[in-house]
Number of protein chains: 2
Amino acid sequence: MITRDDCRALDERDPLAELRGEFILAKEEIYLDGNSLGPVTRGTQRRVNQVIEHEWAEGLVRSWNAAQWMDAPLKLGDRLAPLIGAHAGEVLVADTLTFLLAKIIGGSLELRPERHVIITDAVNFHSDLYIVAGMARLVGREIVVKTIDRNTLDEHLDEDVALVMLTQVDFRTGEMLDMAGITRAVHEVGALMLWDFAHSTGAVPLDVTSADVDFAAGCGYKYLNGGPGAPAFMYVAPRWQGVLRNPLPGWLGHARPFDFESTYESAPGMRAYVTSSPSVIALGALDGALEVFERTTMAAIREKSLALTDLFIELVEESLPGVFELVTPREHDQRGSQVALRHSNGYGIIQALIERGVTGDFRAPDICRFGFAPLYLRYVDIYDAVQILVEVMSSSAYLDTKYERRLAVT
Amino acid sequence: MITRDDCRALDERDPLAELRGEFILAKEEIYLDGNSLGPVTRGTQRRVNQVIEHEWAEGLVRSWNAAQWMDAPLKLGDRLAPLIGAHAGEVLVADTLTFLLAKIIGGSLELRPERHVIITDAVNFHSDLYIVAGMARLVGREIVVKTIDRNTLDEHLDEDVALVMLTQVDFRTGEMLDMAGITRAVHEVGALMLWDFAHSTGAVPLDVTSADVDFAAGCGYKYLNGGPGAPAFMYVAPRWQGVLRNPLPGWLGHARPFDFESTYESAPGMRAYVTSSPSVIALGALDGALEVFERTTMAAIREKSLALTDLFIELVEESLPGVFELVTPREHDQRGSQVALRHSNGYGIIQALIERGVTGDFRAPDICRFGFAPLYLRYVDIYDAVQILVEVMSSSAYLDTKYERRLAVT
C-alpha cells in the first residue's frame, strides 16, 4: 500500500513543488477542480493591480497607446502560443470560447462553399453543440450538423464534409484524442479541422504546428488560471490567415480602426479576428496567470500530471475496490489531466467531499470528476483526498438527503 | 467675461461636487474624455478586490453558486436598468457591444421574415456599421442594409423595413436624437427599433419604457466607468422576451445548463441572451462603478451636464471667436454630454492639449471632441481647459510636426 509518507517523499523530489507558492490557496484546500476554474496566482494579483492602479487610473484613455492596450489581445496570444505549439502571430486572446468557435465555424463554411456537412462529437461540450447548431441555422445555405460517436469518425468522412470540430480532451471522461492522426484523416477528404482545447491547454502538451491543425480555440479559466469567465483564445494556421474571414466583424479588426471608414476592411494577421476590445482587466488577469508557465515546461507538467492521475487511480482502486467505474483511460497517451469515476450517487459524493474540504465536480448523469493541475497540487493532496473519499463512502455520508441534486456548478 | 472665480462659485454650489471623491483622478488631470473611457472609481477598486481576493481566491469554483456568479449578468443588468428607464428583468450585462448588436440584429431578422431591409445611419459608429453588414451577409436570405442620412429617415420607412438601428447620441457630433419620436415612426410601418446607447447611458436621461423601444444596447466603459473593454448591456422589451431568439446560443443561456442536454432550449427571460460567462472580474469592475450613480439621479446629472457644456461653448466662443466650428447642437434637447469642435488641425490641437494636461480626443477627419462627465468634472476644470486651449491656439503649438497624425486612440 502507498503511504502518506511515500507521497510526502514524492513532494520533496517534485521539481514543480516550489511553484505552488505562486498560487493563493488556503492550506487546507484540496482543490481537484482546476479543470473547471483555476485558482488565483500572484501574477494575476500583480497584473490586475497594475492595470487598474497604474495603467487605467493614471494613464486613463491614453493607455490604449501608452500601455499598448490596443495590442493586448495579440501580445497575450503570443505569450500563450508556446503552450499549444504555435508561433507568435498565430494566436489571439479575446471574447469567450463560444464566440471564437462561432467565428471559426462561420468563416470555415465560406472556405468550403461546395460542402454542407459539419461533423462533431455527440458528447462534445454542450456549448460547442449549441453554437455549431446556431451557426448552421444562421448561415444562408443548408448545413447539416452530424453529431456522431467520435470513434466512428472514419465512416463519416467524405467529400461533403466542410469542417470537423472535436474537443481534444473529453470534458466528462478525460479521454485525450489523437490530434495529429485525426487531423490527417480529416485533411485526406479535404475537410477543415477545428480543435477545442478547453480541457487541454496548460494540462497536456499540444503541437498545432506538427499536427497541421487548421483552427483551434480554448478557454483561459481552467488550467490557465485566468479567472472566472476569462477571455478565450483562438489559433488560425498561417495558411488561413487573410483567407478565413471573420463573420462577426467589429472596428478593432479593421485595417485602420481610427480612420473610421464606413466599409469594413480586415486587418492583416490575427488582428482580423478581433471584434471589439475584450476587458483589459480580464486580459491582465490571464496575462499574469501565464507567468508561472514560463518557469517550467509542458513536458514537466505532463510528467507530473500523469504521476498524479496514476497515483489517484491506484489509491482509489486499492482503497475502494469495485466501488467506482473508472471512466478515464488507463493508457497514458489517451488520458488528459483528469480522472472521472462513475457512480450512481455521484452528485451526493461530490457534495459530501466538498463539505469535507475536497473540491471535485459532478457531471450529469453519474460522473465524479477530479482535475489534477500539476502547478499547485501536491502528492499528499491526492493521498488525503482519497482518504476523505474512503470516509465518505464508508460512512454513506453521500446518501444524506441534503445532497439531493439541484442546479449547481460544482 | 466669465472668470475662474465664477466657476469656483459654481463648484461650491454643485450638489454633485462631493461625488468626485469617488473617482481616482490626479489633481492636475483635466479629463474631458470620459465619453471614451471613464476613470477608476473607488467602488470598482473595492469590488474587483472583493471578487479576486475573496470570491475567487477563497471561494474558488464554489463561488459560481455561493457568490452567485451565475446570476451576475442579470443582477448587474437589474442594477443598470434604472439608468435607461427599464425595470428589473429587462437588462443583461455581457460580452461587448458589437456581439450584443449581432444578437439583436440576427434575432430581429427572424421576427420580420417577410421584410428585407435594415436601416442605419451612414455616420453611425463604425463597429455598428461593420456588424450590421456582417450579419446581413451571414444570414441566409437577401438583406439590404441602407445606410442613410438619418434626417431623411421618414422617406425610407416602408413595409420592407425589418429593423432600424440608430445611435442615440452621435459619437462625433454629440447630437442627441429624439428617441420616442423616431421609435414611434418606425413602429408605424411595423419595423423594429434598436437603439445604441454607447454615448447616452450615464450621461443623459433615457426612458426605454415610455419611448416604447424594442431593443437597446450600450457599452460599460464610457460614462458608466466600468473599465477598458468593460462588458456591454442589452435591453429587450418584455414583449419580445421569449420571442426574440439568441442567434449565437451558448450553454449559459440554456434553460438547464447543468443538465448538459445536447439540444439547445432557451432559458426564459433575459438569460436567453447569455452565451457564455463574461469575465466575472470585469463584471465586478462595472458593478462597483455603478455605485456612485445610486447617490444621485439622472436628472441631476443632466442638469450639470448641460451647465458644463454650455459653459464650455460660451468660454470657447468668447475666447476664440471664429476659430472653431461648433458641431454640437446648441439646443439642449438635441445635445448629448459632449462638445465637438471642427478644425482642420484637429489632430495636432488634441495632441498639444494632452501634452498640457487636458485630455480630449480627435475623431477623423477634423473633430476635436470633448466629453463632460458630471460625476467628476468641476466647473473650474472647464475654465482651465479653455485657458489651455487658448494658449495652444495662440502659440500655434498645435502645428508642431511631432503631432503628425498616426494611429491613435485618444
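Biologist: Where is Pro365(A) found?
Modeller: Pro365(A) sits in the loop between strand 14 (361–363) and strand 15 (367–371) of chain A. Strands here are DSSP runs of E, at least two residues, and helices are runs of H or I, at least four, numbered from the N terminus.

Biologist: What is the peptide bond from Ala364(A) to Pro365(A), cis or trans?
Modeller: That bond is cis, with omega near 5 degrees. Most peptide bonds are trans. In chain B, the bond from Ala364(B) to Pro365(B) is cis too, with omega near 5 degrees.

Biologist: What should I know about the model itself?
Modeller: This is a predicted model: local features need pLDDT of at least 70, side-chain atom pairs count only at pLDDT 80 or more, and totals for chains, interfaces and linings use all residues. Residues are numbered from 1 along each chain as its sequence is written, while chains are lettered from A and ligands numbered from 1 in the order in which they are written.

Biologist: New topic. What is the phi of Leu60(A)?
Modeller: Leu60(A) has a positive phi of about 50 degrees, although it is not a glycine. Most residues other than glycine have a negative phi. Leu60(A) is in the loop between helix 2 (42–56) and helix 3 (63–66) of chain A.

Biologist: Is Leu60(A) buried or exposed?
Modeller: Leu60(A) is buried, because it has 24 C-beta neighbours inside 10 Å. The cut-offs: buried means 20 or more other C-beta atoms within 10 Å, exposed means 12 or fewer, and partly exposed is in between, with C-beta atoms placed from the backbone.

Biologist: Now the contact. How many residues does each chain give?
Modeller: Chain B gives 74 residues and chain A gives 73. Contact means that C-beta atoms, placed from the backbone, lie within 7 Å.

Biologist: Which helix of chain B gives the most?
Modeller: Helix 6 of chain B, with eight residues on the side that touches chain A.

Biologist: Do the copies meet through the same surface or different ones?
Modeller: The same surface, because 99% of the interface residues of chain B are also interface residues in chain A.

Biologist: What turn lays chain B on chain A?
Modeller: A turn of 180 degrees, with a shift of 0.0 Å along the axis and an RMSD of 0.0 Å. That is the relation of a two-fold axis. In chain B, the C-alpha nearest the axis belongs to Gly140(B), 1.3 Å from it. The superposition is by least squares on C-alpha atoms of residues with pLDDT of at least 70 in both copies.

Technical notes
Contact = placed C-beta atoms within 7 Å.
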